[in-house]
Every structure is written in C-alpha cells, then in structure tokens.
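Trainee: I'm new to this structure and would like a close look at a single part of it. Could you walk me through the place where the two chains meet, and then whatever sits around it?

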Amino acid sequence: MKTQDNNALLLEVFSAVFEEFAFMFVEAEPDLDPGDTRYCPCLQAEISFESRDKKGFLEAVAPADVCAELAENILGTEQDELPEQAEEQALTELLNVSCGYLLAERFGTEEVFDLSIPQTRPVDEQEWSALVEEDSHVCLLVDESPLLARFVLQQ
Amino acid sequence: MGYNVLIVDNSMIIRKMVAKTLSISDLDIGEYYFAENGRQGLEQLDANWIDIVFADINMPEMNGIEMIEQMQKQEMLSTIPVVVISTERSRQRIESLKAMGVRAYLQKPFVPEEFARVVKELLH
C-alpha cells in the first residue's frame, strides 16, 4: 500500500472515530513544525494486531490536553471531574476502536484479527520533536491540536 | 425492582460510558456491578444476582470469550443474556459469538439510542 493511501486511510479512520466517539473533528496537517513543542507533554499509545498471515501495529501520539478533552467528551464530564488515568484510557480506547475500524477498512470483515491490550507511555518535548522530524507518522489536527499516527504492517 | 447489570471491560472509560448510557435510558436499572476482566466478571456473577451482562472481548487475564464459555457451563449463568460490546468487526468472530449464546453484539463506539433499543428487546 502506498504511503499516500496509508495516510488517507488513517485520516479517514481517525476522522470517523473522533467524530463518532467524542464529537471532535480531524483534518490533515502536512506542515507540522518539529520545533513547536507547546503541545507537550504528550501521550503515546500503541496496539498490535495479528491474524493468520498478517501482523502489525497502530500507534498514536497526542497532547495530554487533547486526551483530556477526549475523555471529557466521551464521559460528558468536566476536566476537574475526570477520574484518574482518564486521559490514558481515553487514548487507548480511541486507538482500540480505530484499529478495529482500520483493519476492516483495509482487509474486509472476513479475516479474524486478535488485538493486543493497548499500552500508553508519556512523550516529552525532545521525543515529540524527533517523531515529527523523522516523518514516519501522518500528522493530523484534532480540533486544532496535533496528533501523530502510524500504521505499520510487518508481514 | 430494577434490573441488575454487570459491565465487564478493562477500560474504565467504557464501563462509565455504558453505565451512563443505561442511566439516561428509560430502563429501570437496579444495581450496577463492574469488572475489569472475565475472571472478575465471573466473581461478580457468583456473588450477585445479575439480570444482564455487557462484556468486551479483548481484556487481560481472562478475555470475554473465555468468560462466556465459563458462563455457558453453569446452568444458572447460562440463562443470563450477554451483550458483547467490542471493536471486533470480523464476521466470522461475530457469528461464533452468537453461536456461543451471545444475545446481541454492539460495535464500539455505539449509538446510545441503538444501545437502549437492543437492551430493551432483551429485557422485555
């Protein structure tokens, strides 16, 4: 699959899931500045998938503020009422839903995939800049904040 | 007396979302019970009277399929309606869940109105 097609698929999937899940809107952001770290700290989440003859992973990196807004919208609550780890869990659930959606869009619904439990970790300013610079992720804007996404098929 | 519900999902976000959707529906809900995986779900089923179970598939320790298999082995538990709420889109897996006795399947993210309609059909 060409990179452009891959990027278009990620945009389509994240747009649909953010909108359905949290009433948040996504657009492409082709010119993200690696030096712009005002969105940090960020969170990275990853989920892997495997079927009989395919495996890979889906990754998303987003500002903690976006994850908090995601949690607020999903739960219909205010930021000061969010339970502990709501930001991490909102991002992992978003990734979980996006992965199911993406696999069905890419491979259809005949194939059975096993998904891992998504994991999260913090990303600091230095790592954020490096991720933007290395150009291996598609850059999206979620309600005007950046989100990096990557879909990797390993076999 | 309202219906007692058990919500089994490793995501706190989804447990709260399902509970909230039930609370704003016009269903008569009694007690809410929660579990983070299939093993905890079976413990809740052993300890409490449950009228309906909402379960994810992909969970650590014991997944939703293993929990449902265990429920089917016990006469009392096998009659409790189970609704699977998952990101799963494989037709084969959804069919196999229904063959196992799962009464309804909802895809995440679900629409509250659809969720309430499915639950009402099962409980009434």
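Mentor: Here is a walk through the interface, followed by the aromatic rings and a few backbone oddities. Keep in mind that this is a predicted model.

Let's start with who touches whom. On one side, 27 residues of chain A are in contact, and they meet 20 residues of chain B. Putting the chains together buries about 2100 Å², and carbon and sulfur atoms give 57% of that area. Three residues deserve a click right away: Leu75(A), Gln89(A) and Ile117(A) supply 25% of what chain A buries against chain B, more than any other three residues.

Now for the polar side of the story. The rule finds 3 salt bridges across the interface of chain A and chain B. In a salt bridge between Asp114(A) and Arg93(B), the closest N and O atoms are 2.8 Å apart. Across the same two chains there are also 11 residue pairs in polar contact, with both partners at pLDDT 80 or more. 

Which elements of chain A give two or more residues to the side that touches chain B? They are helix H1 (3-22), helix H2 (64-75), helix H3 (86-107) and strand E4 (114-115). H3(A) brings the largest share, with 9 residues. Sort the residues on this side of chain A by type and you get 14 nonpolar, 7 polar and 6 charged.

Next, the rings. Over all chains, a search of the whole structure turns up 7 aromatic pairs. Take Phe107(A) and Phe113(A): their ring centres are 5.6 Å apart and their planes sit at 35°, so this pair counts as tilted. Phe107(A) and Phe113(A) are both buried. They also belong to a bigger group, since ring pairs link Phe49(A), Phe107(A), Phe113(A) and Phe151(A) into a cluster.

Chain B has a pair worth setting beside that one. Tyr32(B) and Phe34(B) are stacked, with 6.5 Å from centre to centre and 10° between the planes. How accessible are these two? Tyr32(B) has a relative accessibility of 26%, so it counts as partly exposed. Phe34(B) is partly exposed too, with a relative accessible area of 37%.

Finally, the backbone. Most peptide bonds are trans, and most residues other than glycine have a negative phi. With that in mind, have a look at the bond from Cys40(A) to Pro41(A), which is cis with omega near 5°. You'll find Pro41(A) in the loop between strand E1 (26-28) and strand E2 (42-50) of chain A. Chain B has a cis peptide bond as well, joining Lys108(B) and Pro109(B), with omega about -10°. Pro109(B) lies in the loop between strand E5 (104-107) and helix H6 (112-123) of chain B.

As for phi, Asp135(A) is not a glycine, yet its phi is positive, about 65°. Asp135(A) is in the loop between helix H4 (125-134) and strand E6 (138-142) of chain A, and its relative accessibility of 64% makes it exposed. Over in chain B, Glu61(B) has a positive phi as well, near 70°. The loop that holds Glu61(B) runs between strand E3 (52-55) and helix H3 (64-73) of chain B. With a relative accessible area of 60%, Glu61(B) is exposed.

Definitions and conventions:
Residues numbered from 1 in each chain as written. Chains lettered and ligands numbered in written order. Predicted model: local features only at pLDDT ≥ 70, side-chain atom pairs only at ≥ 80, totals over all residues. Heavy atoms only, no water. Contact = heavy atoms within 4.5 Å. Buried area = accessible area lost by both parts, 1.4 Å probe. Salt bridge = Lys/Arg side-chain N within 4 Å of Asp/Glu carboxyl O. Polar contact = N/O pair within 3.5 Å; in protein donor to acceptor, adjacent residues only side chain to side chain. Helix = DSSP H or I, 4+ residues; strand = E, 2+ residues; numbered from the N terminus. Nonpolar A, V, L, I, M, F, W, Y, C, P; charged D, E, K, R; others polar. Phe/Tyr/Trp six-rings, centres within 6.5 Å; stacked < 30°, edge-to-face > 60°. Buried < 20%, exposed > 50% of the residue type's maximum accessible area, 1.4 Å probe, protein only.
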